[in-house]
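Trainee: I am new to this structure and would like a close look at one single part of it. Please choose a few side chains, explain how they are placed, and then set them within the whole.

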Amino acid sequence: MASEKRLSARRKHTLKSCMLVVANNLLEAEAQTKTTEREKFLAEKCPPMDIPYSREELLELCKKLHQQINISEEERYCTEFKLNLVLDEVRDLNIKIVDLRGKFKRPRLKKVRMSADAMLKALLGSKHTVNMDLRANLKQVKKEVKEEDKQLRDVGDWRKNIEDKSDRKKMFDS
């Protein structure tokens, strides 16, 4: 039963081609009816124009219109250019206003090592005459040497002490 219901490949191909031909004919007929309906609609709604002018007069009219279009385009270009200049100036003024208000992001400052003299010269300029050498202004303190310290220092040569002690050793040996 299964083999009887199946169509052969050739039979399937012919059926498909026939269906495509019929569908193509239907699409062509539908396109023709649409074009005829469109023509009827345009004939009813838009009657043909009755132009009282000749062809040369129409060409002259077109040329005049083109000249007027060119003039208006030039004016539009000039006004657009002026507008861009004014907008640039407004942007620059806005930037200056923001800068004056201080609402801009300040960059991080780098640490600079400067001596006090260099800092004063940078701040005061050539008026700076004060020397900031702080060590020069320190008081000089003289050291007083005590007599006890002197005696400890003047112990003398260690070899002499040993020779003196060697005499004592001889006393114990005998």
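Mentor: Let us begin with E73 and R76, whose side chains meet in a salt bridge with N and O 3.0 Å apart; the term stands for a side-chain nitrogen of Lys or Arg within 4 Å of a carboxyl oxygen of Asp or Glu. Please keep in mind that this is a predicted model, in which local features need pLDDT of at least 70 and side-chain atom pairs count only at pLDDT 80 or more, while totals for chains, interfaces and linings use all residues. Residues are numbered from 1 along each chain as its sequence is written, and side-chain values use heavy atoms, with hydrogens and water left out.

R76 also meets a second partner, since the side chains of E80 and R76 form a salt bridge at 3.0 Å, again from N to O. E73, R76 and E80 are thus linked in a network of salt bridges. The spacing along the helix helps to explain the arrangement: E73 and R76 are 3 residues apart in helix α3, so about one helical turn separates them, and E80 and R76, being 4 residues apart in helix α3, are likewise separated by about one helical turn. An α-helix has 3.6 residues a turn, so residues three or four places apart point the same way.

How open to the surroundings are these three side chains? E73 counts as partly exposed because its relative accessibility is 37%, where buried means under 20%, exposed over 50%, and partly exposed in between (1.4 Å probe, protein chains only). R76 is partly exposed as well, with a relative accessible area of 44%, and E80 is partly exposed at 38%.

The helix that carries this network deserves a careful look of its own. Helix α3 takes in residues 55-101, which is 47 residues, and at 1.5 Å a residue it should span 69 Å (1.5 Å times one less than the number of residues), whereas its end C-alpha atoms are 68 Å apart, which agrees. After α3 comes G102, whose phi is positive, near 85 degrees. Two cysteines can be described in similar terms, for C62 counts as partly exposed at 40% relative accessibility, and C78 counts as partly exposed at 43%. The structure holds 0 disulfides, a disulfide being a pair of cysteine sulfur atoms within 2.5 Å.

A further salt bridge lies elsewhere, in helix α2, and it can be read in the same manner. K34 forms a salt bridge with E30, and the closest N and O atoms are 4.0 Å apart. Because K34 and E30 are 4 residues apart in helix α2, about one helical turn separates them. K34 counts as partly exposed at 47% relative accessibility, and E30 is partly exposed with a relative accessible area of 43%. Searching the whole structure gives 4 salt bridges.

Now for the wider setting. The protein has 6 helices and 0 strands, these being DSSP runs (helices H or I, at least four residues; strands E, at least two) numbered from the N terminus. Read from the N terminus on, the elements run α-α-α-α-α-α. Buried residues make up 1% of the 174 residues in the protein. About 19000 Å² is exposed by the protein, and carbon and sulfur atoms supply 57% of it, an area that comes from the Shrake-Rupley method with a 1.4 Å probe.

Confidence should be weighed alongside all this. The mean pLDDT (the predictor's confidence in each residue, from 0 to 100) is 80, and 68% of the residues reach 70 or more. Confidence is highest in helix α2 (residues 9-45), at a mean of 94, and lowest in helix α5 (residues 147-153), at a mean of 61.
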